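Biologist: I would like to learn how to read a protein model feature by feature. Could you take me through one?

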Amino acid sequence: MRKRTEPVTLEHERCAASDSSSSGSAAAALDADCRLKQNLRLAGKGPAEPRSEADAGMKRALGRRKSLWFRLKKIILCVLGFYIAIPFLVKLCPGIQAKLIFLNFVRVPYFIDLKKPQDQGLNHTCNYYLQPEDDVTIGVWHTIPSIWWKNAQGKDQMWYEDALASNHPIILYLHGNAGTRGGDHRVELYKVLSSLGYHVVTFDYRGWGDSVGTPSERGMTYDALHVFDWIKARSGDNPVYIWGHSLGTGVATNLVRRLCERETPPDALILESPFTNIREEAKSHPFSVIYRYFPGFDWFFLDPITSSGIKFANDENVKHISCPLLILHAEDDPVVPFHLGKKLYNIAAPSRSFRDFKVQFVPFHSDLGYRHKYIYKSPELPRILREFLGKSEAERQH
């Protein structure tokens, strides 16, 4: 019996040892597998972090783009709303259009003393103040022919007034909108005309410069009439010419039409950069470009001008003017288009009122660069004036 039990016992021991070794290897394998998975997870964390940072950066960029687009859309909507609101504002407040036409609140050059024309290089000029109506005072400059500049030093207003009766023609200059009688290009023209032997009398309409009053077409025309009569009362038989520039051409034709109707016409009318009427000029002005094709442009922008009593109808006035007419216009004029000056000439030339008088149109090529207010620079201007006004004087004497 002892012999049979020994082998059994040995066999059980071998099986136990075998089971123990197999379970140990399984545990080792399981432990290795766990470590492998853990290592893989740790290895996976490396590239995951940059990927999440890239995603966050992309989200921030998209957020900035959305914010920028929102701001841009907001600005566009504000500009569009402002663009649409302006026509209604102008229609409801016609006075805005009158301000934009006259621009009398724009005083350039700034900080000049209009009482001292000598500060602008006009040392042979006297400053006056006239009163066309109650509560209206206008500032006037009188520049004598440059050949008298030495004699003019230290002289008073009475001396200048008496000088108007000398044997020199007189030009009444009517300036355009904005600025004053001391504007740079205007002063340069006075100097040119003075050097050619003309007296130059100019003034600021009521509401311009240091002149007192409220601007209006009627008021501006009446101011010009008052100054013309003041000149005629002192000039004797000397010829008096009227020169209007830009908006001043509207004042000039209003004035000359009235003078012709009362049978006291000037000796000639000179229009520099003229238009046909204020509606056509407003429609052609560069300021109107952004609204020119706006639905109801005439109703919104042009009708308020008419309702304010502003017409400056040069095209109608020239049909009632009986005196020599000279039109000067630069082809590159950006403010009053050249074609409006040409159109005015085509209306005036065949008019019956001019059948006994010379009507001349002088264009200045765009290459010269005279634009809206630099025709005074033309070396041909003295010859043009001498020939035209010389013939006008011959016609007057005849």
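Modeller: What follows is a short tour of this model, with a general idea before each case.

Biologist: What should I know about the model before we begin?

Modeller: This is a predicted model, so local features need pLDDT of at least 70, side-chain atom pairs count only at pLDDT 80 or more, and totals for chains, interfaces and linings use all residues. Residues are numbered from 1 along each chain as its sequence is written, and side-chain values use heavy atoms, with hydrogens and water left out.

Biologist: Thanks! How many helices and strands does the protein have?

Modeller: Helices (H or I, at least four residues) and strands (E, at least two) are DSSP runs, numbered from the N terminus. Here they come to 11 helices and eight strands.

Biologist: And what share of the residues counts as buried?

Modeller: Buried means under 20% relative accessible area, exposed over 50%, and partly exposed in between, using a 1.4 Å probe on protein chains only. By that rule, 43% of the 398 residues are buried. As for contacts (heavy atoms within 4.5 Å), 75% of those between residues at least 6 apart in sequence join residues at least 24 apart.

Biologist: Which residues have the most contacts inside the largest nonpolar core?

Modeller: In soluble globular proteins, nonpolar side chains tend to be buried together. A nonpolar core is a set of buried Ala, Val, Leu, Ile, Met, Phe, Trp, Tyr and Cys residues joined through side-chain atoms within 4.5 Å. The largest one has 64 residues, and F102, L172, L174, F203, I242, L269 and F312 have the most contacts inside it. Take I242: setting aside neighbours within four places in sequence, its contacts include L172, L174, F228, L255 and L269. Another core, of 30 residues, lies apart from the largest one and has L122, Y241, A268 and Y376 among its members.

Biologist: I clicked on I305. Is I305 buried or exposed?

Modeller: I305 is buried, with 1% relative accessibility, and belongs to helix 8. Not counting residues up to four places away in sequence, I305 touches Q97, I101, I278, A282 and I310. I101 is 204 residues from I305 along the chain, yet their C-alpha atoms are separated by 8.7 Å.

Biologist: Now the empty spaces. How large is the largest pocket?

Modeller: Rolling a probe the size of a water molecule over the atoms shows where empty space is left. On a 1 Å grid over the protein atoms alone, a cavity is a set of points where a 1.4 Å probe fits but cannot get out, and a pocket is an open set with protein on both sides within 12 Å along at least five of seven lines; lining residues have an atom within 4 Å of a point. Grid points are joined across faces, edges and corners, and a volume is the space filled by probe spheres set on the points. The largest pocket holds about 970 Å³. It has 39 lining residues, and L100, L103, N177, H285 and F287 are the closest to its centre. Helix 8 gives the largest share of that lining, four residues.

Biologist: What classes of residue make up that lining?

Modeller: Ala, Val, Leu, Ile, Met, Phe, Trp, Tyr, Cys and Pro count as nonpolar, Asp, Glu, Lys and Arg as charged, and the others, Gly among them, as polar. The lining of the largest pocket has 23 nonpolar, 11 polar and five charged residues. The second largest pocket, of about 220 Å³, draws the largest share of its lining, six residues, from helix 11.

Biologist: What lines the largest cavity?

Modeller: Y173, H185, L189, E272, K373 and Y376 line it, and its volume is about 30 Å³.

Biologist: How many disulfides are there?

Modeller: A disulfide is a covalent bond between the sulfur atoms of two cysteines. Counting pairs of cysteine sulfur atoms within 2.5 Å, a search of the whole structure finds zero. For C260, the nearest cysteine sulfur is that of C323, 5.2 Å away.

Biologist: Last, where should I look at the backbone?

Modeller: Most residues other than glycine have a negative phi, and most peptide bonds are trans. The bond from V108 to P109 is cis, with omega near -5°, and P109 sits in the loop between helix 2 and strand 1. S246 has a positive phi, near 55°, and is buried at 7% relative accessibility. E263 also has a positive phi, near 65°, but is exposed at 70%.
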